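Please work through the two exercises below with the model open beside you. Each task is followed by a solution that goes step by step.

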Amino acid sequence: MRRNDADVADVVVIGGGPSGATVAAEAARLGAHVTVLEKREGDSPSRAGIIQPRVLELLDARGLMAPFRQAAKNWRRDFEVPRYIYAGLVGLRYDLLDSTHPYALILPQTTTEHLLRGWAAESGADVRRGVTYVDHTEDADGVTVTALDADRNTIRLRGRFLVGADGARSAVRTRAGVPFEGRDAKMTAVSVDADLTFPWAASMQMRRNENGWVLAYPFGQQTTRFIIVAEARRTVPRGEPVTIEEVRESLRAIFGEDFGITGAKWMSRYGDTHKMTPYLHRGRVSLVGESTRVHYPASGIGMNYCIQDAFNLGWKLGLVATGDAPETLLQAYDEERHPVLKDLMDDVAAQCALHFDFSPGGLRLKEFFEAEMIPVPEVNKILCDRLSGFKTSYHRENDPHPADGTRVGEFPLGDHRYTEVAARSAFVLVERSDRAPADRELPARVTRVVAGDPGFTRELTGASAALIRPDAYVARAWTASPSDRHITAAYDEAVGRGVRAPLTLAGQ
């Protein structure tokens, strides 16, 4: 393909939201020529507002934590949330997580998108706003995308690969003929960004009774976000507009007062539609983020799993597009992430069953779970790991080291830190200096760091060396010092040139 042709790319991404922007940045930073088409010229209301700990670790590994923290600080003073909720129940201890980011970060999705699109552009992606995807055709060499620009003129782009990151109503998914399996909504809830000064001393308040459940927290300087599941209104069709009187009535029934709400910046009714695609990648088309599934936004984790999808897919696209990996590597995206997303969907269903039973028995069960189960350290850790993203593992049953496939957070490397090296690297090889040879012959995409004490933790404790993937998961770890041949073989396997063992799901 001609690299100087603005309408020819290695990767065409449809959708410039969190997952689309992240895929574009990850592929572009590894050398792929990426074009992003985003139909929105302006901003949509911020549906999501929470960034979970694992995504914070990934952002840190790209040198992005400083702008994200500053943006969050500008948004509200107490932007770190060390205690969290599961199925509407309090008591999760994020502050006990084994991470340099043991908290959730509150930030509007709109700001998150701005920062991620900026990162994509800085990485070399061509991000185009006001361009609407219409259709695509696929052949043996690539895809041809038809779109409309802001003036409704038809444009065509040619790419080797197409990524559908265009949300739950994905047009790419529909045009590609990918099934969307599951059920339609059985209930609806309401989200409101109300114009009032936050009325409680605490940053977050919840109430539940036989009339439903409300979560309220400050969302900006003069705005309070209310999430409302009202028993009397849960069967209202999603298309029915939300009214201020409905909000006030629901708050009075559940909270006992309506706080004098007279207006709102944004009101939305959403449902618990539960659908998922049976696969994430076929041929030259990959789906990422909400184009792969739709579910109730339980515990604020939806966007975070979308971003984690994108980190997994992006580096694979980058290496394939630059000729550093075979196209079969893209199938590994499906093999790794689809089981994770199936587990996510099952967890959301479990949360909803517990959360939205407002019968006398359901209320007693919630009280028991909140008072007797969540405080148990082992239970607390399980729930925290599920929501934060720490539970995800790509360990395979034949992997020789227990750290293989597990997550990597921040750790010291002598005068440097892992995140500093990861931000400018693809694969990172970390070795203990007392067990490492002076020189090595390694693949070009591997950055080597030798440290006296690498600060390995968790499954890596005691390891002599570790080869870490671009998405901050261990490709291979060794107890004894590996040879160049062993490292190259592990790298080849990680980029799809070797035979991989079956994936072992975390927790099995």
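The exercises concern a predicted model, and they treat first a set of paired strands and then a pair of helices.

**Exercise 1.** Determine which strands pair with strand E26 (residues 465-468), in which sense they run, and which way the side chains of E26 point.

Solution. Begin with strand E24 (residues 427-432), which is joined to E26 by four bridges, the two strands running antiparallel. Within this pairing, valine 428 stands opposite isoleucine 468 of E26. Next, turn to strand E27 (residues 474-478), which also pairs with E26 in the antiparallel sense, again over four bridges; here the bridge partner of isoleucine 468 is valine 474. Five residues lie between the strands in the hairpin of E26 and E27, where alanine 472 takes a positive phi near 65°. Finally, look at the side chains of E26: Ala465 and Leu467 point one way, Ala466 and Ile468 point the other way, and all of them are buried.

**Exercise 2.** Describe how helix H2 (residues 53-60) packs against helix H7 (residues 302-321), and decide how their orientation should be classed.

Solution. Two packed helices are described by the angle between their axes and by the distance between those axes. The axes of H2 and H7 come within 9 Å and cross at roughly 40°. Angles under 35 degrees would count as roughly parallel, and 65 to 115 as roughly perpendicular; H2 and H7 are therefore oblique to each other. The crossing of H2 past H7 is left-handed. As for the residues involved, Arg54, Val55 and Leu58 in H2 meet Asn304, Ile307, Gln308 and Phe311 in H7, and by class this contact has four nonpolar, two polar and one charged residues.

Terms used:
Residues numbered from 1 in each chain as written. Predicted model: local features only at pLDDT ≥ 70, side-chain atom pairs only at ≥ 80, totals over all residues. Heavy atoms only, no water. Buried < 20%, exposed > 50% of the residue type's maximum accessible area, 1.4 Å probe, protein only. Pairing = 2+ DSSP bridges. Axes fitted to C-alpha atoms, helices over the stretch in contact; angles between N-to-C directions. Parallel < 35°, antiparallel > 145°, perpendicular 65-115°, else oblique. Left-handed = near helix turned anticlockwise from the far one by under 90°. Contact = heavy atoms within 4.5 Å. Nonpolar A, V, L, I, M, F, W, Y, C, P; charged D, E, K, R; others polar.
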